[in-house]
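Let's walk through this model together, from a pair of charged side chains to the strands and the nonpolar interior. Keep the viewer open as you read.

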Amino acid sequence: MKWYSFPEITDTDKPFIQKVKIADKSICVVGYEGKLFAVSAICPHQGFDLSLGSCENNKIICPVHGYSFDLQTGKGAQDYIKTYPVKIENGVVCVGTTSVWDDIKQLFNK
Ligand code: FES
């Protein structure tokens, strides 16, 4: 697991959706009801930017056609988005990315 810091994300007590980039990945860092989440910013339906959406009932909602995805699991009604580990370390939001091998191992641990 490799962690990336985003000191530009401040005041994580208020609800927010902020898009960050890690290599070629667009990721939404989401503050919702006092918790932090990190999910892919690409809607699997038609590729719209989920960071322009909203959150409701622990889900991020795409603003185009309204598909929604669980912030914790990434699961939607028909599809899913990738989730990433997120933490605050020394007051700075950090998002973790995994290798393909890490993802495979995680599948077998579910
Ligand atoms: S592009 Fe996101 S729901 Fe259609």
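**Charged pairs, strands and cores**

Asp49 and Lys19 join their side chains in a salt bridge, with 2.8 Å from N to O; the term stands for a side-chain nitrogen of Lys or Arg within 4 Å of a carboxyl oxygen of Asp or Glu. Asp49 sits in the loop between strand 4 and strand 5 (54–56) while Lys19 belongs to strand 2, so the pair ties together parts that are 30 residues apart in sequence. Strands (E, at least two residues) and helices (H or I, at least four) are DSSP runs, numbered from the N terminus. Asp49 is buried at 18% relative accessibility, whereas Lys19, with a relative accessible area of 42%, is partly exposed. Here buried means under 20% relative accessible area, exposed means over 50%, and partly exposed is what lies in between (1.4 Å probe, protein chains only).

Before going on, a word on the model: it is predicted, local features need pLDDT of at least 70, side-chain atom pairs count only at pLDDT 80 or more, and totals for chains, interfaces and linings use all residues. Residues are numbered from 1 along each chain as its sequence is written, and side-chain values use heavy atoms, with hydrogens and water left out.

How many salt bridges does the structure hold? There are 4. One of them links Asp102 to Lys105, whose closest N and O atoms are 4.0 Å apart. These two residues are 3 apart in helix 1 (residues 100–108), a separation of about one helical turn. Asp102 is partly exposed at a relative accessible area of 23%, and Lys105 is partly exposed too, at 40%.

Lys87 is a good place to pause. Its side chain forms a salt bridge with Glu89, the closest N and O atoms being 2.9 Å apart. Lys87 also lies over the face of Trp3, 4.1 Å from the ring centre; this requires NZ of Lys or CZ of Arg within 6 Å of the ring centre and within 35 degrees of the ring normal. In strand 10, Cys94 is the bridge partner of Lys87. Strand 9 (residues 86–89) and strand 10 (residues 92–97) run antiparallel and are joined by 4 bridges; two strands count as paired if DSSP finds at least two bridges between them. They form a hairpin with 2 residues between them, and Asn90 in the turn has a positive phi of about 55°.

Now turn to the open sheet, whose 4 strands pair antiparallel in the order 2-3-4-8. Strand 2 (16–22) and strand 8 (83–84) stand at the edges with a single partner strand each, so one side of each has no neighbour in the sheet. Strands 2 and 3 are joined by 7 bridges, and Val20 has Ile27 in strand 3 as its bridge partner.

What fills the interior? In soluble globular proteins, nonpolar side chains tend to be buried together. In the largest nonpolar core, of 13 residues, those touching the most other members are Cys28, Val30, Leu50, Ile60, Phe69, Leu71 and Ile81. Such a core is a set of buried Ala, Val, Leu, Ile, Met, Phe, Trp, Tyr and Cys residues joined through side-chain atoms within 4.5 Å. Strand 3 (25–32) and strand 4 (35–40) each supply at least two residues of this core, and strand 3 gives the most, with 3 residues. Apart from this core lies another of 12 residues, including Ile9, Phe16, Val29 and Tyr84.
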